[in-house]
Amino acid sequence: MADDEQEFEQESPPERLFNRQQAEELLPQISAWLEQAIEQKKQVEKFEIELRRLAQKILMSGGIVLDYEQAAGWKMNRDRAGESVRSSLEQIQETGCVVKDLEIGLVDFPAILENEHVYLCWKLGEDSIRWWHRTDEGFSGRKPLAPPFPDHTKRRPM
């Protein structure tokens, strides 16, 4: 068997499971990374608009003399902002969390509730984790956590 074939057969790393306290301890850092990613995504979009306008202007005028330095600067800044977004998202995912929606800052924390895999659900701006949903449900399926959320979650070895 070729090495590249063997690579696909290896197991993926085990999913980290959180209890409510573990998840809430991460909220300040997750919040900072999310805010950074959201701000940098806005920067990417801003530079994309400028680059599209430039491309449209070139197209409409049949070619123009353009400020290559300015266009190169827009591309470089867009790429830097895009890398910053990717970096922030990777940092969040390395904790074991799942970013579900960057636009609204929606993050899920894998957990177990009554022997079922679920997600503890948190949205940027919320001061604590108060919601959960099944893995086949999304934000619209959020249910309130009954206080206290049973601590049936265990960390799997990483």
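K41 has its place in helix 2, and this residue of a predicted model is a convenient point from which to start. With a relative accessible area of 24%, K41 is partly exposed, since buried residues are those under 20% and exposed ones those over 50%. Its C-alpha atom is separated by 9.7 Å from that of E83, although K41 and E83 are 42 residues apart along the chain.

The wider frame can now be set out around that helix. The protein has three helices and five strands, and these elements follow one another along the sequence in the pattern α-α-α-β-β-β-β-β. Of the 158 residues in the protein, 36% are buried.

Turning to the helices, two packed helices are described by the angle between their axes and the distance between the axes. For helix 2 and helix 3, the latter spanning residues 68–94, the angle is about 155 degrees and the axes lie 8 Å apart. Helix 2 and helix 3 are therefore roughly antiparallel to each other, because an angle over 145 degrees counts as such. The crossing by which helix 2 passes helix 3 is left-handed. Sorted by class, the residues in the contact of helix 2 with helix 3 are 14 nonpolar, eight polar and five charged.

Helix 2, which runs over residues 20–61, also contains R20. At 21% relative accessibility, R20 counts as partly exposed, because the limit for a buried residue is under 20%. R20 also has a partner from a distant part of the sequence, for R20 and L120 are 100 residues apart in sequence, while their C-alpha atoms are 7.5 Å apart in space.

The aromatic side chains offer another link between separate parts of the chain. A pair of aromatic rings is described by the distance of the centres and the angle of the planes. When the whole structure is searched, one aromatic pair is found. The pair consists of F18 and F109, whose ring centres are 5.3 Å apart and whose planes stand at 85 degrees, so the arrangement is edge-to-face. F18 belongs to the loop between helix 1 (3–9) and helix 2, whereas F109 belongs to strand 2 (residues 106–113), so the pair ties together parts that are 91 residues apart in sequence. As for the surroundings of the two rings, F18 counts as buried at 0% relative accessibility, and F109 is likewise buried, with a relative accessible area of 0%.

From strand 2 the chain leads into the loop between strand 2 and strand 3, where both E114 and N115 are found. Most residues other than glycine have a negative phi, and most peptide bonds are trans. E114, however, has a positive phi of about 50 degrees although it is not a glycine, and N115, not a glycine either, has a positive phi of about 65 degrees. In terms of accessibility, E114 is exposed, with a relative accessible area of 64%, and N115 counts as exposed at 79% relative accessibility.

Beyond this loop comes strand 3, made up of residues 116–123, in which V118 lies. V118 is buried, with a relative accessible area of 2%. The C-alpha atoms of V118 and W132 are separated by 7.0 Å, and the two residues are 14 residues apart along the chain. W132 itself takes part in a further contact, for K143 lies over the face of W132, at 4.9 Å from the ring centre.

Between strand 3 and strand 4 (131–134) there is a loop that holds L124. L124 is partly exposed, with a relative accessible area of 22%, a class that applies because the value falls between the limits of 20% and 50%. L124 and L102 are 22 residues apart in sequence, and the distance between them in space, C-alpha to C-alpha, is 9.5 Å.

Conventions:
Residues numbered from 1 in each chain as written. Predicted model: local features only at pLDDT ≥ 70, side-chain atom pairs only at ≥ 80, totals over all residues. Heavy atoms only, no water. Phe/Tyr/Trp six-rings, centres within 6.5 Å; stacked < 30°, edge-to-face > 60°. Helix = DSSP H or I, 4+ residues; strand = E, 2+ residues; numbered from the N terminus. Buried < 20%, exposed > 50% of the residue type's maximum accessible area, 1.4 Å probe, protein only. Lys NZ or Arg CZ within 6 Å of the ring centre and 35° of its normal. Axes fitted to C-alpha atoms, helices over the stretch in contact; angles between N-to-C directions. Parallel < 35°, antiparallel > 145°, perpendicular 65-115°, else oblique. Left-handed = near helix turned anticlockwise from the far one by under 90°. Nonpolar A, V, L, I, M, F, W, Y, C, P; charged D, E, K, R; others polar.
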